Amino acid sequence: EEFASWCGAETAVPCQSGSAALWAVLRLLDIGPGDEVIIPSLTFIATATSVSLTGATPIFADVEADYWCICPNDVEKLITSRTKAVIGVHLFGQPFSSRLKEICNANNLVLIEDAAQAHGAMYKNKMVGNLGDAAAFSFYPTKNIGAFGDAGAITTNNKKLYKRLLMLHQ
């Protein structure tokens with residue numbers, strides 16, 4: 001509850017790792033075989049493998065030269081009828097552009113935040129973990145908020161997703 005509140009999200013659910021958090025969100029949003037998920041070309045391997053583990057296909061978008069986050073212009077070009085979601089990575093503590101949410105809303109796509117490296121980062125006075133439909137955090141010991149071992153969390157304002165997350169978590 002404290003972590004959700006700190007992020008400005010309604011809910012947070014703990015999980016095994018940031019990688020498991022990404023996979024769980026994709027799985028519980030019914031993303032799977034035949035679907036495409038757009039991800040940045042510069043990211044940790046877990047962003048792509050979480051998509052592959054669901055049976056969906058990761059589609060790699062270019063990153064912006066100034067911030068190294070996913071490029072909204074390239075995302076727009078890559079959207080097809082098979083695209084179901086976009087995973088934006090807040091890389092090196094720098095949040096991705098809010099244009100990504102606008103693009104996802106306009107195309108009825110889910111926006112998932114990979115916030116493994118961005119605990120506490122803000123974009124336009126809004127905390128990461130509250131910019132998309134769900135956010136995956138890592139608390140691996142090398143992260144800016146670390147656990148004694150591997151750990152993760154998912155934040156969301158989507159009540160249906162939260163209920164499904166609780167069932168999977170339990």
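Here is a short set of questions and answers about a predicted model.

User: How are residues numbered, and what pLDDT do local features need?
Analyst: Residues are numbered from 1 along each chain as its sequence is written, and side-chain values use heavy atoms, with hydrogens and water left out. In this predicted model, side-chain atom pairs count only at pLDDT 80 or more, totals for chains, interfaces and linings use all residues, and local features need pLDDT of at least 70.

User: Which element gives the largest share of the largest nonpolar core?
Analyst: A nonpolar core is a set of buried Ala, Val, Leu, Ile, Met, Phe, Trp, Tyr and Cys residues joined through side-chain atoms within 4.5 Å; buried means under 20% relative accessible area, exposed over 50% and partly exposed in between (1.4 Å probe, protein chains only). The largest core has 22 residues, and Leu26, Val37, Val51, Ile87, Ile112, Ile154 and Leu165 touch the most other members. Elements that give two or more residues include helix 2 (18-28), strand 2 (36-40) and helix 3 (45-53), where helices (H or I, at least four residues) and strands (E, at least two) are DSSP runs numbered from the N terminus. The largest share, six residues, comes from helix 2.

User: At roughly what angle do the axes of helix 2 and helix 3 cross?
Analyst: The contact (heavy atoms within 4.5 Å) is made by Ser19, Leu22, Trp23 and Leu26 of helix 2 and Ala46, Thr47, Ser50, Val51 and Leu53 of helix 3. Axes are lines fitted to C-alpha atoms, for helices over the stretch in contact, and angles run from 0 to 180 degrees between N-to-C directions. The axes of helix 2 and helix 3 come within 9 Å and cross at roughly 40 degrees.

User: Which residues of helix 5 are buried?
Analyst: Helix 5 covers residues 99-106, and on its other side Asn105 and Ala106 are exposed. The buried residues pack against helix 4 (72-78), strand 4 and strand 5. Seen down the axis, they fall within an arc of 100 degrees, so they line one face of the helix; the arc is that of the directions from the helix axis to the C-beta atoms. The buried residues are Leu100, Ile103 and Cys104.

User: How far apart in space are Gly132 and Leu100?
Analyst: Gly132 sits in the loop between strand 7 (126-127) and strand 8, and it counts as buried because its relative accessibility is 15%. Leaving aside neighbours within four places in sequence, Gly132 is in contact with Lys101, Leu111 and Glu113. Gly132 and Leu100 are 32 residues apart in sequence, and their C-alpha to C-alpha separation is 8.9 Å.

User: Is Ser17 buried or exposed?
Analyst: Ser17 belongs to the loop between strand 1 (11-15) and helix 2. Not counting residues up to four places away in sequence, Ser17 touches Phe137, Asp150, Ala151 and Gly152. The C-alpha atoms of Ser17 and Phe137 are 7.7 Å apart, although 120 residues separate them along the chain. With a relative accessibility of 7%, Ser17 counts as buried.

User: What is the relative accessible area of Phe92?
Analyst: Phe92 is found in the loop between strand 4 and helix 5. Its phi is near 55 degrees, a positive value in a residue other than glycine. Phe92 is exposed, and its relative accessible area is 54%.
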